[in-house]
Amino acid sequence: MTPHTDLPSDLLPAAVHRFLAAHIVRDADTASSFLAEAAVIVDQDETFRGREETYAFLRDAGSEFEYTTEQIGAHRVDGTHWVVTVRLEGTFPGGVAELDYRFALRDDLIAELVIANHPA
């Protein structure tokens, strides 16, 4: 197992780095272009599968709120798994959240993304 290390975003795999850049500015078209055809996104125990569902999630997630997103950590788990921790601040309940975006890559695309609360 590869030890966890903090990485700047430009050292993440291209698909992860570019996905996050697009997702942060709410560009669902660009973000979804880094997903595999049969990609799965899990957010708050809700699962979205395939091109249409994952695109709809990326387009609509958090759209009722205003918030900023800042990458506060990242590490490589192994050759195909990466975790990026982001801090959200905004008008949603609680006002602040730290989330882990857990990526699984296949053929240089995102096959799976699990979004979960960062452990305290």
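Me: Which helix and strands each supply at least two residues of the lining of the largest pocket?

Reply: Happy to walk through this predicted model. The elements are α1 (14–24), β3 (67–76), β4 (81–90) and β5 (96–106).

Me: What makes a residue a lining residue of that pocket, and which ones are closest to its centre?

Reply: A lining residue needs an atom within 4 Å of a pocket point. For the largest pocket, 19 residues meet that condition, and D43, G62, Y67, L88 and L99 are the closest to its centre. The pocket's volume is about 400 Å³.

Me: How do the lining residues divide into nonpolar, polar and charged?

Reply: There are 14 nonpolar residues, four polar and one charged. Tyr and Leu count as nonpolar and Gly as polar, so among the residues closest to the centre, Y67, L88 and L99 are nonpolar and G62 is polar. D43 is charged, because Asp belongs to that class.

Me: What makes β2 and β3 edge strands?

Reply: Look at the order of the open six-stranded sheet: β2-β1-β6-β5-β4-β3, with mixed pairing. β2 (46–49) and β3 each have a single partner strand, so each has one side without a neighbour in the sheet. Direction ignored, neighbouring strands are turned by 20° against each other on average.

Me: How do you know that β5 and β6 count as paired?

Reply: Pairing requires at least two bridges between the strands. β5 and β6 (residues 109–117) have eight, in the antiparallel sense, so they count as a pair. One of the bridge partnerships links R102 with V114 in β6.

Me: And what about β1 and β2, how many bridges join them?

Reply: Four bridges join these antiparallel strands, so they also satisfy the requirement of at least two. D43 stands opposite E46 in β2. The hairpin has two residues between the strands, and Q44 takes a positive phi near 50° there.

Me: Why is V96 called partly exposed?

Reply: Its relative accessible area is 42%. Buried would need under 20% and exposed over 50%; V96 falls in between, so partly exposed is the right label. V96 lies in strand β5.

Me: Which residues does V96 touch, not counting those up to four places away in sequence?

Reply: With that exclusion, V96 touches R87, L88 and E89. A contact means heavy atoms within 4.5 Å, so each of these residues has a heavy atom within that distance of one in V96. V96 and Y67 are 29 residues apart in sequence, and their C-alpha atoms are 9.1 Å apart in space.

Note on methods:
Residues are numbered from 1 along each chain as its sequence is written. This is a predicted model: local features need pLDDT of at least 70, side-chain atom pairs count only at pLDDT 80 or more; totals for chains, interfaces and linings use all residues. Side-chain values use heavy atoms; hydrogens and water are left out. On a 1 Å grid over the protein atoms alone, a cavity is a set of points where a 1.4 Å probe fits but cannot get out, and a pocket is an open set with protein on both sides within 12 Å along at least five of seven lines; lining residues have an atom within 4 Å of a point. Grid points are joined across faces, edges and corners, and a volume is the space filled by probe spheres set on the points. Axes are lines fitted to C-alpha atoms, for helices over the stretch in contact, and angles run from 0 to 180 degrees between N-to-C directions. Buried means under 20% relative accessible area, exposed over 50%, partly exposed in between (1.4 Å probe, protein chains only).
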